[in-house]
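Here is a friendly briefing to read alongside the model. Take a look at the fold, then work through the notes below.

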Amino acid sequence: MSCADPVWEFTNEIEYSEILSSIATADNVFVKLPVQIPLSNLASLQLEDQIEVKTNRDTSITFSIRDISNFNNGDRGWNAANNLEEGLQTISMTAGREHFLATVITAENSFWVIANKLTDQDDYIGWIYSHSRQTPPPLNTHLIEEDSRDFFSGANILALEEPTLKVSYTTENSDGRFVLPGDETVWTISIENKFDQEKKSLSLDIGGKWGEDLEFPDTSLWTDFPENCRDASSEPYKKPYTITCEISQIEAKSTLEFTMKSQIRKPAYVGPIGFLTIILWDSEARKSYFADTNLFTPIYIDQDYLIDTDLDGVTDFNEKFLKTDPNDKNSALEREAQIDIAVLYTSNYKSEFKIAPETLINSEINFTNEIFTGSRTGVRFNIVHSGLLDYENNCTASRCRTNQTWNDTQTVLDEFGRKDKGRWRESEKIRALYGADLVIILDGATGGDETQGMAVSGGNMRGLVLPQYRTVFVHQSPNYEPYNDWKKTTLTHELGHLFSLQHSRRQDNSNGSFAWATGHGEDDNFATMMAYFDVFNATRINRFSDPSRSDCGYITLKRPCGVDRSDPLNGADAVGAIKATRFQIEQFSPRRPILSTKSSDGKIHATKFLAGAVKDIELGFKTKFSPYDTITASGTINLAPDHVGKVGTTHIIVDAGPLGVFQINRQGQFVALDMAAPVLVGSISPRPLRGIEDLPVLNDFIAGPLGVTEARLNLYFGYTLIDLDLLVYSADPLTIQIGE
Ligand SMILES: [Zn+2]
């Protein structure tokens with residue numbers, strides 16, 4: 001037996017009845033026991049320390065601590081996993097200033113712990129509980145950006161009556177879907193005559209530019225077409241870039257087929273080829289027929305993102321970001337990708353849980369990190385910002401009702417998840433300002449929504465992920481909802497989609513290169529994170545598919561967790577796919593610069609100052625701006641844990657050189673600071689300081705209209721702890737240089 005310390009002990013319900021009754025556990029709870037959690041035990045835990053976790057009065061699980069996290073607001077997190085005779089068991093614990101939250105997952109059950117901190121001592125008192133499990137299937141899905149268009153909604157498409165003329169097209173590339181620079185795309189155009197008589201004098205218009213959306217002519221050029229076709233761009237009544245083919249006749253009940261070839265316009269373009277419009281004009285019948293839109297048109301890539309020259313498991317494309325040698329297998333860095341996330345939560349999320357949102361969000365991400373690190377993906381999520389999202393339900397679709405209290409997944413994602421659409425600018429500005437790679441929107445219970453989570457992802461892009469594919473939305477509730485009782489994995493699942501992952505071969509019917517970026521399952525046994533467990537009549541295991549390990553399974557243990565990617569039909573290697581995309585996502589948005597810390601007592605305090613300035617909503621921090629650039633600048637203080645909760649005020653000093661030195665007062669005004677006898681006024685009224693203090697300085701500032709064409713601003717940040725008479729400040733400034 002190990003000498004593992006118990007993380008919690010069962011406690012006396014009567015002694016703590018007041019605090020226990022104030023804690024909202026979920027509805028439909030069938031095991032509920034009062035626990036006492038001493039913070040001192042947790043705080044002293046080191047990596048690989050053994051802990052005992054009691055799930056009821058006579059059952060406990062021993063874990064070895066695998067992972068310890070320090071969150072920016074001072075919260076701490078611990079993760080551990082076991083994979084013995086019972087199958088995978090995991091624990092994820094988060095301790096905040098007010099709450100302790102934990103999730104224990106076993107093959108049969110999931111336990112939650114919610115506890116509140118006692119005011120007079122360093123212990124938490126709360127409940128461990130488990131839901132009675134029901135098993136309706138979860139509904140979660142991912143949205144592939146290019147699928148969401150309705151280009152032809154206004155057009156009068158096919159004649160309803162039979163017979164008809166049917167126009168269609170298909171494409172073929174070296175690997176089915178992806179086109180590399182220099183590759184030609186071969187298009188097969190078919191016209192089927194379903195009439196009993198021949199058709200004469202047909203005219204086919206192919207590939208014109210119709211509107212604002214991404215269309216074939218935006219990305220591609222025709223390089224080869226049959227002799228009966230011509231470039232009709234300059235002809236009257238033709239759309240630009242139209243190729244017109246004259247078809248003298250098609251026999252009754254027959255199909256005419258011909259091929260055309262196209263190439264990319266700009267070798268640097270990556271992304272979908274765009275919509276191709278094809279219209280057949282029957283001049284005798286004076287009738288036109290549109291080809292059905294083919295959603296599975298090719299995608300241009302500018303290189304093969306899956307090439308791994310030195311076979312070190314890190315693709316050449318990723319080695320570029322790591323600045324390692326793609327030809328030297330010893331050069332790859334064995335480091336995790338740190339994916340920075342901005343977590344925005346709705347008011348529904350806040351009211352759903354009686355738990356401080358910051359700690360609740362930390363616990364969500366800690367749980368997600370357990371799955372990503374436990375799956376050996378080499379990915380860790382790091383919260384760089386969390387904040388309330390200013391959103392009220394505005395769903396007008398027929399699936400929504402007036403005055404509904406729940407938010408609709410698709411509507412929220414249309415609002416904040418689609419590049420340059422809806423309120424994209426608002427969430428993108430937050431992303432830019434805090435240096436977040438991805439945006440997570442957390443919402444309350446599903447209500448009438450059939451979708452529990454969704455990601456706006458690019459789908460299978462053969463290892464390429466574009467920066468606009470950055471948003472996931474997830475409904476969360478402490479109450480019984482099938483998806484969160486089933487190991488509350490929706491958030492992790494949706495994040496998986498942002499790494500290009502699909503569900504499973506059985507579900508998505510995917511083929512071609514990178515189709516192995518998918519989940520895996522075994523009937524009546526287990527399903528990995530991406531696979532729908534109900535499709536396999538199985539229990540979800542909190543790991544991504546991975547053919548290199550054989551410790552999956554709940555009924556039959558020690559089963560392979562995936563299938564090698566060389567298997568064209570069954571390959572399932574989600575971990576390999578995450579590894580192939582992670583460093584791209586990591587560099588979507590660079591980290592916010594850190595300013596060095598100093599203090600009036602000359603001692604070292606564990607306070608961190610971060611600050612950055614951005615141009616409009618562009619990702620990436622800048623120090624040089626033109627007088628007509630829109631500048632937003634802000635700083636954030638992550639306070640030393642022993643300073644959190646002490647009464648103080650924050651400071652923002654702006655040294656504008658010849659223009660003078662200013663400080664921002666609590667009304668947000670710039671007031672002169674007399675450097676001969678400086679008196680710091682504070683940018684907030686004195687109050688207990690938080691673990692994270694955000695200090696906005698400039699918001700959409702444009703210097704030019706104020707007559708300033710040349711300036712250098714040095715921004716300093718700090719705070720005073722009033723009772724200690726201690727000033728902690730950034731020793732070096734955030735510099736903003738404005739000039740032509
Ligand atoms: Zn999904």
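Strand 15 (residues 199–206) pairs with strand 18 (residues 243–250) in the antiparallel sense over 7 bridges. Strands here, like helices, are DSSP runs numbered from the N terminus (E, at least two residues, for strands; H or I, at least four residues, for helices), and two strands pair if DSSP finds at least two bridges between them. This is a predicted model, in which local features need pLDDT of at least 70 and side-chain atom pairs count only at pLDDT 80 or more, while totals for chains, interfaces and linings use all residues. Residues are numbered from 1 along each chain as its sequence is written.

**Strand 15 and its two partners**

- Within the pairing of strands 15 and 18, Asp205 stands opposite Thr244 in strand 18.
- Strand 15 also runs antiparallel to strand 21 (residues 278–282), joined by 5 bridges.
- Asp205 turns up here too, standing opposite Ile279 in strand 21.

**The chain as a whole**

- The protein chain comes to 12 helices and 46 strands.
- Its C-alpha atoms fill a box of roughly 95 × 75 × 60 Å along the principal axes.
- The radius of gyration of the protein chain is 29 Å, which agrees with the value near 27 Å for a compact globule of 740 residues; this radius is taken over C-alpha atoms, and the globule rule is 2.2 Å times the number of residues to the power 0.38.
- Of the 740 residues, 45% count as buried; a residue is buried if 20 or more other C-beta atoms lie within 10 Å of its own, exposed if 12 or fewer, and partly exposed in between, with C-beta atoms placed from the backbone.
- Among contacts between residues at least 6 apart in sequence, 68% join residues at least 24 apart; two residues are in contact if their C-beta atoms, placed from the backbone, lie within 7 Å.

**The nonpolar core and Ile341**

- The largest nonpolar core has 168 residues, and Val113, Ile341 and Leu715 have the most contacts inside it. Such a core is a set of buried Ala, Val, Leu, Ile, Met, Phe, Trp, Tyr and Cys residues joined through C-beta atoms within 7 Å.
- Leaving aside neighbours within four places in sequence, Ile341 is in contact with residues including Phe381, Ile383, Val384, Leu438 and Ile440.

**Strand 39 and its three partners**

- Strand 39 (residues 647–655) has 7 of its 9 residues buried, so it is largely enclosed by the rest of the structure.
- Strand 44 (residues 711–721) runs antiparallel to strand 39 and is joined to it by 8 bridges; His651 stands opposite Gly718 in strand 44.
- Strand 42 (residues 687–688) is also antiparallel to strand 39, with 2 bridges between them, and there Val647 stands opposite Pro688.
- Strand 40 (residues 661–664) pairs with strand 39 in the antiparallel sense over 3 bridges, and Gln663 is the bridge partner of Ile653.
- The hairpin of strands 39 and 40 has 5 residues between the strands, and Gly657 takes a positive phi near 65° in it.

**A three-stranded open sheet**

- Strands 31, 32 and 33 form an open sheet in the order 31-32-33, with mixed pairing.
- Strand 31 (521–522) and strand 33 (539–540) stand at the edges with a single partner strand each, so one side of each is left without a neighbour in the sheet.
- Strand 31 and strand 32 (residues 526–527) run antiparallel and are joined by 2 bridges; Glu522 stands opposite Phe526.

**Helices 6 and 8**

- Helix 6 (residues 357–374) has 18 residues and reaches 25 Å from its first C-alpha to its last, close to the expected 26 Å; the expected span is 1.5 Å times one less than the number of residues.
- Helix 6 is largely enclosed by the rest of the structure, because 16 of its 18 residues are buried.
- Just after helix 6, Arg376 takes a positive phi of about 60°.
- In helix 8 (residues 424–434), the buried residues are Ser427, Glu428, Arg431, Ala432, Leu433 and Tyr434.
- The cover over those buried residues includes strand 24 (337–345), strand 25 (379–388) and helix 7 (409–416).
- Gly435, just after helix 8, takes a positive phi of about 70°.

**Gly87 in strand 7**

- Gly87 is found in strand 7 (residues 87–95) and is buried, with 23 other C-beta atoms within 10 Å.
- Not counting residues up to four places away in sequence, Gly87 touches Ala107, Gly553, Tyr554 and Leu557.
- Gly87 and Arg376 are 289 residues apart in sequence and 17 Å apart in space, C-alpha to C-alpha.
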